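Me: Please take a close look at the aromatic rings of this model. I would like a connected account of how they are arranged and what surrounds them.

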Amino acid sequence: MEFDLVIAGGTVATASDMFSCDIGIKDGVIVQLGRDLGPAKETIDAAGKYVLPGGIDSHVHIAQPSGEGIVMADGFESGTRSALFGGNTTIMPFCLQQKGESLREALGAYHALAEGQCYTDISFHLIVSDPTAAVLGQELPALVADGYTSFKVFMTYENLRLNDAEILATMDVARRTGALVMVHCENEDAIRYLIGRHEAEGEVRPRAHATTRPVAAEREATHRAMSLAEIVDVPVVIVHVSNGAAIEEIRRARARGRKVVAETCPQYLMLTAADLEGMDWEGAKFVCSPPPRDEAEQEACWNGLEEGTFDLFSSDHCPFRYEDAQGKLNPKGAANFRHIPNGIPGVETRLPILFSEGVMKGRIDLPRFVALTATNQAKVYGLYPQKGTIAVGADADIAIWDPAAERVIRHADLHDGADYTPYEGLSVTGWPTTVVLGGRVMVRDGELVGNKGDGAYRSRSLSSLTAVRG
């Protein structure tokens, strides 16, 4: 047999092992692992490199409605191109249901935006903001059967949040269908109270974003979300955890036997609330929710990664341009922190930051890196074993890393649609230099060689954590 592609001489890492071997690929699938595999149409020499599963970023916002006069910086073309250059081969954006809109309508429009635009594979989560009887009784069960097997609910943002009864009802659909629920945990009533107090005192600069969304508001909501999941008896994903108190709530729930998946993000390892105090409103660049905390909470998040509390490391890529009247400096946002769009770019820098700060500095090993960034993501969201690992029968989604590459992160070198990166000037060691999607070389030695539209939409199975129960 002649292979389409052989990746030879590299050190392969999975979530459980590291070994030296060659990888034989045909028709987009890994078909053989070994040595001296035989003839191939193309051979890539990976000597001295790490050969890893392509990253899966399961928490990405692209082309999402963001309020009147606000436009997200990335569509599917720029968002997936940026993800690809960061070593990712699959991303999972959110399809947002707006009030009064059916989920089918939202999905139709969202698929149309993505069609023919993608450099990586994609799969959608659903955001449920209007859980009507029709949505809960008809649409959601049918969509789960169609492969949309995860949905997200918000406990904050007035136009998105669900009350506890609505969250319980949505979770009950998950219980009956085997879907997985993700929760954004912050107490909106507490936040609104603090916003009002800050405004009354004239404190409206970007730094107030952090003090109006304190740790206690996240900790309380995390406890409540897991309690609601316990009442309905479903697993739950707690997304973008930022602090030790919320981590401790997760540990306690697991000690009670609850199935809780925990996710954190680069901003909670690398940024602090002090970044929001930048001169001339530049703190707006760092406004995201939950906000960055302090160095003690950074250390708590690193500990959670090191000792296994966190299952997922995602970017929560939610990009807005800074110097833009439709972005961070929209007319209202330039005068009051509460109108600054929440979110920061990060899909391209997620993997290099964790590789450099985690693997190269000895905080985590390479198999743990692979688990956090690819394998666990695939297992949790119903893409495994097709994706998230290097094994015979898996999709040939592969990133080849140069562990000796030294780079300084500069937005001028990145590929998203924003006009800044919150990690400007950060020195990193290790970078993905070649990326393969479905056996097709998309990035070769740092240069784009694949085509827009090479990525495809992927339907998903049920999560490994769920089972259908009547």
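Reply: Two rings of Phe, Tyr or Trp, with the six-membered ring taken for Trp, count as a pair if their centres lie within 6.5 Å. In this predicted model, such ring pairs link Phe76, Tyr110, Phe124, Tyr148 and Tyr457 into a cluster.

The structure holds 10 aromatic pairs. One of them joins phenylalanine 355 and phenylalanine 369, whose centres are 5.6 Å apart with 85 degrees between the planes, an edge-to-face arrangement. Because phenylalanine 355 belongs to helix H11 (residues 350-359) and phenylalanine 369 to helix H12 (residues 366-380), this pair ties together parts that are 14 residues apart in sequence. Are these two rings buried or exposed? Phenylalanine 355 has a relative accessible area of 0% and is buried. Phenylalanine 369, at 2% relative accessibility, counts as buried too, since the cut-off for that term is under 20%.

Phenylalanine 369 also pairs with tryptophan 401: the ring centres are 5.7 Å apart and the planes stand at 85 degrees, so this pair is edge-to-face. It links distant parts of the chain, with phenylalanine 369 in helix H12 and tryptophan 401 in strand E17 (residues 398-408), 32 residues apart. Tryptophan 401 is buried, its relative accessible area being 1%. Phenylalanine 369 thus takes part in a pair with phenylalanine 355 and in a pair with tryptophan 401.

Aromatic rings also meet charged side chains in this model. Arginine 363 lies over the face of tryptophan 302, at 4.2 Å from the ring centre. At tyrosine 322, the charged end of lysine 285 sits over the ring, 4.9 Å from its centre.

A separate matter is the enclosed empty space. The structure holds two cavities of 30 Å³ or more, and the largest cavity has a volume of about 40 Å³. Which residues line the largest cavity? Its lining consists of Pro345, Gly346, Val347, Glu348 and Thr349, together with Leu414, Asp416, Thr421 and Pro422. By character, this lining divides into four nonpolar, three polar and two charged residues.

How values were computed
Residues numbered from 1 in each chain as written. Predicted model: local features only at pLDDT ≥ 70, side-chain atom pairs only at ≥ 80, totals over all residues. Heavy atoms only, no water. 1 Å grid on protein atoms, 1.4 Å probe; cavity = no way out; pocket = protein on both sides within 12 Å on 5 of 7 lines; lining within 4 Å. Points joined across faces, edges and corners; volume = space filled by probe spheres on them. Nonpolar A, V, L, I, M, F, W, Y, C, P; charged D, E, K, R; others polar. Phe/Tyr/Trp six-rings, centres within 6.5 Å; stacked < 30°, edge-to-face > 60°. Helix = DSSP H or I, 4+ residues; strand = E, 2+ residues; numbered from the N terminus. Buried < 20%, exposed > 50% of the residue type's maximum accessible area, 1.4 Å probe, protein only. Lys NZ or Arg CZ within 6 Å of the ring centre and 35° of its normal.
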